[in-house]
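Trainee: I would like to take a close look at a single part of this model and follow how that part sits among its surroundings. Could you walk me through one helix with care?

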Amino acid sequence: MALSPHVLDDDLALASLLSEARRIAVLGARGESHRQRPAYYVPRYLQEVGYRLYPVPVPVHEGQPIEILGEAVVPTLSALPPVDIVNVFRRPEQLPEHAEDLLQLRPRAVWFQLGIVNDAVAGRLAEAGIDVVQDRCIMVEHRRLLPGAAG
């Protein structure tokens, strides 16, 4: 992918994003029965440091909890209120199915968790003016860049 000012990869840009954001949607969030998985404990950390969470579990299953971490589950990206960051816990090959909803939602940034890289989707988002972070854990970066911060 050609370098874009919307592909964030430097500490200053990441710290700025994390310090200015307040509302984070978590695509692929997991409930407490998955407490050992990053899709549960990373959002829990984000909530603990002061971010407002919007869990968007995918896929939605019958009998799924109506709340995750005390927050009402949002069934789809298109049902979200405005958010600053969409933190993504989906396999790279699953990202294209979410691209149109992400483009319509127009968050400030879309953050692909550690191990998640999809240059085609990232490129589309960046071209639309949405900041993109790939292959980084938002919890690790927050702890590293904003130690002691309250989100």
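**Helix α3 and its surroundings**

Mentor: In this predicted model, the cover over the buried residues of helix α3 includes the strands β1, β5 and β6 together with helix α4, which spans 119-127. Helix α3 itself runs over residues 96-105, and its buried residues are H98, A99, L102, L103 and L105. When one looks down the axis of α3, these buried residues fall within an arc of 155°, and so they line one face of the helix. On the face turned away from that buried side, α3 carries the exposed residues E97 and Q104. Just after α3 comes R106, which has a positive phi, near 55°.

Of the elements that cover α3, helix α4 can be described residue by residue. P96, A99, E100, L102 and L103 of α3 meet V121, R124 and L125 of α4, and among these, A99, L102 and L103 also belong to the buried residues of α3. The two helices pack at an angle of about 10°, with their axes 10 Å apart. Since angles under 35 degrees count as roughly parallel, α3 and α4 are therefore roughly parallel to each other.

The strands that help to cover α3, namely β1, β5 and β6, belong to an open sheet of five strands with the order β2-β1-β5-β6-β7, in which the pairing is parallel. Its edge strands are β2, at 52-56, and β7, at 131-133, each of which pairs on one side only. On average, and with direction ignored, neighbouring strands of this sheet are turned by 20° against each other. Strand β6, made of residues 109-112, pairs with β7 in the parallel sense over three bridges, and within this pairing V110 of β6 stands opposite V132 in β7. Another helix, α2 (residues 38-48), also packs on the sheet, where α2 touches β1 (23-27), β2 and β5 (85-88), and the direction of α2 makes about 160° with that of β2.

One further detail takes us away from α3, to the segment before α1 (11-20), where D9 lies. With a relative accessibility of 54%, D9 counts as exposed. The C-alpha atoms of D9 and Q134 are separated by 8.3 Å, although these residues are 125 apart along the chain. The side chain of D9 is also joined to that of R136 by a polar contact of 2.8 Å.

How values were computed: Residues numbered from 1 in each chain as written. Predicted model: local features only at pLDDT ≥ 70, side-chain atom pairs only at ≥ 80, totals over all residues. Heavy atoms only, no water. Pairing = 2+ DSSP bridges. Helix = DSSP H or I, 4+ residues; strand = E, 2+ residues; numbered from the N terminus. Axes fitted to C-alpha atoms, helices over the stretch in contact; angles between N-to-C directions. Contact = heavy atoms within 4.5 Å. Buried < 20%, exposed > 50% of the residue type's maximum accessible area, 1.4 Å probe, protein only. Arc of directions from axis to C-beta. Polar contact = N/O pair within 3.5 Å; in protein donor to acceptor, adjacent residues only side chain to side chain. Parallel < 35°, antiparallel > 145°, perpendicular 65-115°, else oblique.
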